[in-house]
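User: I am in my first year and would like a close look at one part of this structure. Please pick a single strand, describe its surroundings, and then place it in the rest of the chain.

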Amino acid sequence: MADFVNVRLPAEYVLDPMLKELVDKLALRHPTFTFGTKGMNSETCKNWASTVPKGKRMPPRDDGVNYLRKISVHCGSEFLGSISLDIRYSRSSGSEIVYSIASWRVRNDRGNQNVTRTAKLDVAVRTAKNVFIPQNTKELMAKAESVISSALGQSLADLRRPISHSTLIRSQLELQKYLFYHLKGEEIPASVKQSVESAFTSVKYSTAMSEYELAEYMGNKPMRFIHVHNGDYLMWEDNECQEREVVSRTLEELPEQIQSHISVLHLMQDNELVYDVGYRCDSENFAVLEVPA
Amino acid sequence: MMLENTDTIKNPGTNADVLPMSLSSMAMLVELRISTWTARKRDNETTMEINTSKEADQDSGSVYKYLMAGSDHLKKIEKYSAKCRAWNGTQTLPWMKGIGLLPMENFFKYREQLATMEANFFALVDDFITEYPRLKNDQAFKLGKWYKADEFPDIETLPRRFKFEYNFLPVPESGDFRINCEARIKADLQEQYEKMFGDKLAEAMRDPWDRLHKVLTHMTDKLTDNEDGDRKIFRDSIIDNAVELCDLLTRLNVVKDPELEKARRMLEQAVTSTDIKDLRALSSARLELKTDVQSILNKFQW
């Protein structure tokens with residue numbers, strides 16, 4: 001049987017013949033999809049491999065190559081789902097080998113919510129065609145928004161924590177004594193004074209306070225979320241009818257201010273907040289300060 | 001062709017002027033040639049028998065036999081070739097017979113996919129050639145009295161009958177007539193080329209509008225309920241095709257026609273939030289989408 005260039009397996013595996021029938025059809029139909037073991041570690045591959053094919057009666061292999069019963073499907077870097085061979089038990093037909101297609105687009109009310117099973121090849125092809133669909137820009141933005149807002153919230157909380165949770169203050173009691181004596185105009189005991197002043201004048205505290213103020217300042221600013229997809233920048237914008245829609249722009253087509261913010265954020269580390277610029281979640285997700293109209 | 005800033009073509013949708021600027025920097029020509037062994041052979045003996053039995057002239061009818069009867073290896077290759085050609089037709093704009101205009105925006109995606117298709121085509125061919133000796137022997141039974149061993153190509157020469165070739169060519173500039181002739185003839189040739197170029201470009205830009213119009217009219221037709229109130233039968237592809245076309249049109253708008261982009265965005269907005277299940281279940285959903293689609297049809301000149 002033919003080996004297609006978008007079916008990529010490690011040298012020690014070949015596809016189970018029954019799975020190969022389905023995968024070959026899909027590989028020809030979707031040249032932009034890659035079928036392989038990407039995202040599957042070696043343990044997973046071993047668990048889904050055997051020397052004897054599941055679907056058809058064939059002699060076991062003794063050349064060190066195993067039949068693989070599960071394969072992942074990608075479109076570029078996007079994971080679309082997986083296809084595997086499973087055994088289905090029923091009272092009427094006993095056990096049968098079925099195609100199991102898993103994808104986030106599959107919604108089942110009962111059982112495994114994201115998996116659908118069928119014994120028929122043509123049904124499996126049709127199901128794969130309906131569920132292995134790359135995310136559109138709206139879906140990409142919705143997912144990116146969730147990732148960015150979660151990461152941004154976490155980063156802001158991390159920046160605030162040393163001050164908001166007083167983690168740098170060893171003793172609240174000493175701090176209270178310091179304030180009490182100071183407000184009464186009396187001499188502060190030396191040990192209390194030394195302990196409190198050394199904590200509040202330390203570099204560590206200054207840094208923590210700067211980060212807290214940064215988080216307070218940036219946390220109140222409206223941000224625009226931007227997701228990078230295939231080199232283009234996706235963001236929400238209002239169209240002529242004042243409805244929100246996802247637009248895709250190249251770097252050059254971005255408004256100048258946003259372009260400069262993005263350029264700065266590209267130089268930063270992941271999960272870094274930059275004053276009056278924005279936040280870099282990772283290399284594909286950013287939040288930039290809203291530019292006033 | 002380096003068009004001057006004052007050179008324009010008409011937008012087929014609104015008849016407004018569109019500035020194409022330099023087409024040779026925004027697009028290229030692509031020629032795709034796929035050929036396969038058809039395994040079809042005229043059987044002269046049977047042709048003569050039939051024509052004689054029908055008391056007809058010998059050139060009035062022909063009988064062709066299929067040398068790979070009962071085998072789907074070659075049919076898979078033919079089917080895949082047809083799919084590749086059809087795909088090429090959707091990814092390019094018509095230019096000349098056998099040659100399409102490929103916008104640069106679509107170039108990398110096109111090139112990547114074409115390379116995958118080429119590799120898969122030859123994987124199918126290799127598989128066929130591996131099986132060829134066995135298939136050829138099987139034909140002795142399947143073709144019966146029609147079988148003649150010498151009509152089958154040698155396994156050494158068979159691979160040459162399968163070709164998957166493509167060439168990327170620049171869009172030629174009008175002043176490039178490198179011939180020695182009178183200035184008057186050269187000027188005539190240039191004028192003729194410029195006219196041809198303008199016609200070709202207008203025709204190429206007509207194609208995305210035609211595709212959009214076809215999808216919109218199909219949607220309007222299918223979303224209009226029958227007189228008895230029942231909905232018409234439609235497939236998921238009514239939305240899938242529209243979404244795919246919206247994506248493709250971002251790369252096929254070689255002259256950056258703003259009206260085409262406006263029409264595309266209107267369609268994209270109408271279909272991206274549409275659930276096919278809702279369309280089937282709710283007449284209100286069908287009416288809403290149909291209204292949106294109709295508004296696009298009414299807004300532009302087709």
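Analyst: What follows is a description of one strand and its neighbours, then of the chain around it and a few further points.

The model is predicted. The part chosen is strand 6 of chain A, which covers residues 70–75. How many of its six residues are buried? The count is six of six, so strand 6 is mostly covered. A residue counts as buried when its relative accessible area is under 20%.

The cover lies on both faces of strand 6. On one side are A:Lys70, A:Ser72 and A:His74, and each of these is buried. On the other side are A:Ile71, A:Val73 and A:Cys75, which are buried as well.

Next come the partners of the strand. Strands of a sheet pair through backbone hydrogen bonds, and the pairing is either parallel or antiparallel. Strand 6 of chain A is joined by four bridges to strand 3, residues 33–36, and the two run antiparallel. Within chain A, A:Phe33 stands opposite A:Cys75 of strand 6. Strand 6 also pairs with strand 7, residues 78–90, again antiparallel, here through six bridges. In that pairing, A:Ile71 stands opposite A:Ile83 of strand 7. A:Cys75 and A:Ile71 both belong to the buried residues of strand 6.

Strands 6 and 7 of chain A form a hairpin with two residues between the strands. In this hairpin A:Gly76 takes a positive phi near 70 degrees. Most residues other than glycine have a negative phi.

Where does a positive phi occur in a residue that is not a glycine? One of the places is A:Asn230, with a phi of about 50 degrees. A:Asn230 sits in the loop between strand 10 (223–229) and strand 11 (232–238) of chain A. Its relative accessible area is 70%, so A:Asn230 counts as exposed. Chain B offers another case, B:Ala39, which is not a glycine and has a positive phi of about 60 degrees. B:Ala39 lies in the loop between strand 3 (27–35) and strand 4 (40–42) of chain B. B:Ala39 counts as buried, at 1% relative accessibility.

Chain A also contains an open sheet of three strands in the order 2-5-4, with mixed pairing. Strand 2 (13–15) and strand 4 (49–50) stand at the edges of this sheet with a single partner strand each, so one side of each has no neighbour in the sheet. Strand 4 is joined to strand 5, residues 66–68, by two bridges, and these strands run antiparallel. A:Ser50 has A:Tyr67 in strand 5 as its bridge partner.

The chain as a whole can now be described. Chain A has eight helices and 15 strands, and 41% of its 293 residues are buried. Its radius of gyration is 29 Å, whereas a compact globule of 293 residues would have one near 19 Å. Along the principal axes, the C-alpha atoms of chain A fill a box of roughly 95 × 50 × 40 Å. Among contacts in chain A with a separation of 6 or more, 54% join residues 24 or more positions apart.

For chain B, the corresponding share of contacts is 74%. Chain B has nine helices and eight strands, and 39% of its 302 residues count as buried.

Terms used:
Residues numbered from 1 in each chain as written. Chains lettered and ligands numbered in written order. Predicted model: local features only at pLDDT ≥ 70, side-chain atom pairs only at ≥ 80, totals over all residues. Heavy atoms only, no water. Rg over C-alpha atoms; globule rule 2.2 N^0.38 Å. Buried < 20%, exposed > 50% of the residue type's maximum accessible area, 1.4 Å probe, protein only. Contact = heavy atoms within 4.5 Å. Pairing = 2+ DSSP bridges.
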